[in-house]
Amino acid sequence: MLVAVLAAAVHGRVLGVSTLPGAPGAKVLPRIVIIGGTGRIGTAVAEHLLARAEPAQIMLAGRDRARGEAAVAEVRRQRMGMFSLSRVEYLEVDWRDSGSLAASLNGAAAVVHTAGPYAGETPDVLAAAIAAAVPVYVDLSDPVPYLRSALELDGSAQSSGTLALCAAGAFPGL
């Protein structure tokens, strides 16, 4: 369900591809950044997005290049057909470094924050998404203090045009 909501939001709020990438007049693929994209939940989100939000540019963001390249290979092997218009790439990001995080969100159509656990954290990725006016933000948080802090960003999110879905859960509906 999380991925279906995200796919609908991205394609509903951001222009998709109407012609082949690279062709004259082609639109840019929606760029979806998955923070924690090299982990188990992040790669699962990427695989589901490829099944439901084709075409898109999926960026698996993480701190370790070797792990990132392995994650990209896994996602491509699992979900990308020979004629897929989507792209999956590794993006080196330390989400706790504000400069690295801000640079990673530049031009993103959506960000999915899967780099938990969220206990003892503040919604810095959400704040960065709002500052970058990313149209869609989703996280898997569940600690109440984190969610209260995220709720305090509501006015800023509305002003920037960021639709934020917090506490989407790693296993929604269970």
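This report walks through a predicted model of one chain, from the overall fold down to two buried side chains.

**The overall picture**

The chain has 174 residues, and 45% of them are buried. Its secondary structure comes to seven helices and six strands. If you trace the sequence from start to end, you meet them in the pattern α-β-α-β-α-β-α-β-α-β-α-α-β. Take the contacts between residues at least 6 apart in sequence: 74% of them join residues at least 24 apart. As for the outside, the accessible surface is about 8,700 Å², and carbon and sulfur atoms account for 55% of that.

**The sheet**

The six strands form an open sheet with parallel pairing, in the order S3-S2-S1-S4-S5-S6. At the edges sit strand S3 (87-92) and strand S6 (163-165), each of which pairs on one side only. On average, neighbouring strands are turned by 15° against each other, direction ignored.

Let's go strand by strand through one part of this sheet. S1 covers residues 31-35 and pairs with S2, residues 57-62, in the parallel sense through five bridges. S1 also runs parallel to strand S4 (residues 110-113), with four bridges joining the two. S2, in turn, is joined to S3 by six bridges, and these two strands run parallel as well.

Here are some of the residue pairs that face each other across these strands:

| Residue | Opposite residue | Strand of the opposite residue |
|---|---|---|
| Arg-31 | Gln-57 | S2 |
| Ile-32 | Ile-58 | S2 |
| Ile-35 | Ala-61 | S2 |
| Ile-34 | Val-112 | S4 |
| Gln-57 | Arg-87 | S3 |

Gln-57 turns up twice in that table: it stands opposite Arg-31, and it has Arg-87 in S3 as a bridge partner.

**Two covered strands**

How many residues of S1 are buried? Five of the five are, so S1 is largely enclosed by the rest of the structure. In a regular strand, side chains alternate between the two faces of the sheet. In S1, Arg-31, Val-33 and Ile-35 point one way while Ile-32 and Ile-34 point the other, and all are buried.

S2 tells a similar story. It is mostly covered, with six of its six residues buried. Gln-57, Met-59 and Ala-61 point to one side of S2, and Ile-58, Leu-60 and Gly-62 to the other.

Now for the helices around these strands. Helix H2 (residues 40-52) makes a right-handed β-α-β unit together with S1 and S2. Helix H3 (residues 65-79) lies across S2 and S3, and runs at about 165° to S3.

**Thr-43, a buried residue in a helix**

Thr-43 has its place in helix H2. Is Thr-43 buried or exposed? With a relative accessible area of 2%, Thr-43 is under the 20% cut-off, so Thr-43 counts as buried. Its side chain makes a polar contact with the side chain of Arg-40, at 3.0 Å. Setting aside residues up to four places away in sequence, Thr-43 touches Gly-37, Thr-38, Ala-71, Glu-74 and Val-75.

**Tyr-90, a buried residue on an edge strand**

Tyr-90 is found in strand S3, which is one of the two edge strands. Tyr-90 is nonetheless buried, with a relative accessible area of 12%.

What does the Tyr-90 side chain reach? One polar partner is the backbone oxygen of Gly-62, at 2.9 Å. A polar atom of the Tyr-90 side chain also lies 3.3 Å from the backbone nitrogen of Asp-64. Gly-62 belongs to the set of S2 residues that are buried.

The list of contacts for Tyr-90 is a long read. Apart from its neighbours within four places in sequence, Tyr-90 is in contact with Thr-38, Met-59, Leu-60, Gly-62, Arg-63, Asp-64, Arg-65, Gly-68, Glu-69 and Val-72. Tyr-90 and Ala-71 are 19 residues apart in sequence, and their C-alpha atoms are 8.1 Å apart in space.

Thr-38 links the two close-ups: Thr-43 touches Thr-38, and Tyr-90 is in contact with Thr-38 too.

Conventions: Residues are numbered from 1 along each chain as its sequence is written. This is a predicted model: local features need pLDDT of at least 70, side-chain atom pairs count only at pLDDT 80 or more; totals for chains, interfaces and linings use all residues. Side-chain values use heavy atoms; hydrogens and water are left out. Two strands pair if DSSP finds at least two bridges between them. Axes are lines fitted to C-alpha atoms, for helices over the stretch in contact, and angles run from 0 to 180 degrees between N-to-C directions. Contact means heavy atoms within 4.5 Å. Buried means under 20% relative accessible area, exposed over 50%, partly exposed in between (1.4 Å probe, protein chains only). A polar contact is a pair of N or O atoms within 3.5 Å; within protein, one must be able to donate a hydrogen and the other to accept it, and residues adjacent in sequence count only if both atoms are side-chain atoms. A crossover is right-handed if, with the strands pointing away from the viewer, the path from the first strand over the helix to the second runs clockwise. Accessible areas come from the Shrake-Rupley method with a 1.4 Å probe; for residues, only the protein chains shown count as cover.
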